[in-house]
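Grab a coffee and work through these exercises on helix packing and pockets. Try each one yourself before you read the solution.

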Amino acid sequence: MSAEMEEWRKERLLLEGEFGERITLDALTGPVGADGDVLADDSGAEAGWLIAQRLKGHRHSADDVLTAWYALQSSPKVDRHLDLGTGIGTVGLLTLWGMGKDACLTCVEAQEISYRLLQSNLRCNGLLGRVDHSLGDLRDLSLTEKFPLITGSPPYFPEGTGVVPQDSQKAHARFELRGDISDYAKAAVKHLAPGGWFVVCFPTRQRQRGIDGILSSGLKIVRMRDVVPRETLEPLFTLFACRLPEDFNGETTEEAPFIVRGQNGRLTAEMAAVRRGFGFRDGEAHGGHSAGATTG
């Protein structure tokens, strides 16, 4: 076992002792382009960066991956970016991977369980020197720095529209207990540099509410794209790429839907390309049997 994997093993034991529950180690990025030794997740798949997450908690899924991918598609390479409501680190770290080894990340997370896992994920991946992280409510965030790229994956459901999970991490990740998409957009407006991009996702069934929340902050939506989890199904969530009004005065472009899997259940060529961008090698039929944590 490599020194890096031994460090992860110790960290997992520490977290399981703290939380009293099972913690999994899953591949956040693949081995291609990784610094140091190639790691292995719990399935034995090769990984560049691992992510520790609660087996029965809120877990990394396709909306995180594709929000980061859409940010990388929208923005040129930047030295520093901001991730709002970063959770255990998924969107921010995936974007950081894509921006290259000299890039840095600033992120904020209010939920204590997620923030504790974030700390482990940064330390064991050797990223503490590249990530400025803080525990706090994004609605109170007031940094002096302006960022050329800001990302976010807000909770999807207003209070009162469903049963709020008893689990605190799941509750805050799914329900708008500390603000909604408009609060993410307002925080972005405060911290977005001229010429910059704000990229966010929101459920397609509530797409108009997402659009209204973004526009109410003063941002303009440059383009948006629905994501279909499997061919023939309805879109699940929508990606939005936004700018300040002084940087865009045209009409919003609605792009063709992004399809994650074909009717046969295998990843589409486009999704396989996304995975390659995050360091994964193609598995059988574009990862049909080795999609890992990043495909949801």
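A helix axis here is a line fitted to the C-alpha atoms over the stretch in contact, and angles run from 0 to 180 degrees between N-to-C directions. One thing to keep in mind is that this is a predicted model.

**Exercise 1.** Work out how helix H6 and helix H7 are oriented to each other, and which residues meet.

*Solution.*
- Step 1: get the geometry. The axes of H6 (residues 181-191) and H7 (residues 207-216) come within 8 Å and cross at roughly 30°.
- Step 2: classify the angle. Angles under 35 degrees count as roughly parallel, so H6 and H7 are roughly parallel to each other.
- Step 3: add the handedness. H6 passes H7 in a right-handed crossing.
- Step 4: list who touches whom. H6 brings Ile181, Ser182 and Ala185, and these meet Arg209, Gly210, Gly213, Ile214 and Ser216 of H7. Sorted by class, that contact has three nonpolar, four polar and one charged residues.

**Exercise 2.** Do the same job for helix H1 and helix H4: find the orientation and the make-up of the contact.

*Solution.*
- Step 1: H1 (residues 3-19) and H4 (residues 112-124) pack at an angle of about 165°, and their axes are 10 Å apart.
- Step 2: the cut-off is over 145 for roughly antiparallel, so that is what H1 and H4 are.
- Step 3: the crossing of H1 past H4 is right-handed.
- Step 4: on the H1 side, the contact uses Glu7, Trp8, Glu11, Leu14, Leu15, Glu18 and Phe19, while H4 supplies Ile113, Arg116, Leu117, Ser120, Asn121, Arg123 and Cys124. The split is seven nonpolar, two polar and five charged.

**Exercise 3.** Now classify the pair H2 and H8, and describe the residues between them.

*Solution.*
- Step 1: the axes of H2 and H8 (residues 269-277) come within 11 Å, crossing at roughly 80°.
- Step 2: the window from 65 to 115 counts as roughly perpendicular, so H2 is roughly perpendicular to H8.
- Step 3: Val65, Leu66 and Trp69 of H2 meet Glu270, Met271 and Val274 of H8. By class, this gives five nonpolar, no polar and one charged.

**Exercise 4.** Describe the largest pocket: its volume and its lining.

*Solution.*
- Step 1: the space in the largest pocket is about 630 Å³.
- Step 2: its lining has 38 residues, and those nearest the centre are His58, Gly85, Ser153, His172 and Ala173.
- Step 3: the elements giving two or more residues to this lining are H2 (62-74), E5 (80-84), H3 (90-99), E6 (104-109) and H5 (168-174). H5 gives the most, with four residues.
- Step 4: the lining divides into 14 nonpolar, 15 polar and nine charged residues.

Conventions. Residues numbered from 1 in each chain as written. Predicted model: local features only at pLDDT ≥ 70, side-chain atom pairs only at ≥ 80, totals over all residues. Heavy atoms only, no water. 1 Å grid on protein atoms, 1.4 Å probe; cavity = no way out; pocket = protein on both sides within 12 Å on 5 of 7 lines; lining within 4 Å. Points joined across faces, edges and corners; volume = space filled by probe spheres on them. Nonpolar A, V, L, I, M, F, W, Y, C, P; charged D, E, K, R; others polar. Left-handed = near helix turned anticlockwise from the far one by under 90°. Contact = heavy atoms within 4.5 Å.
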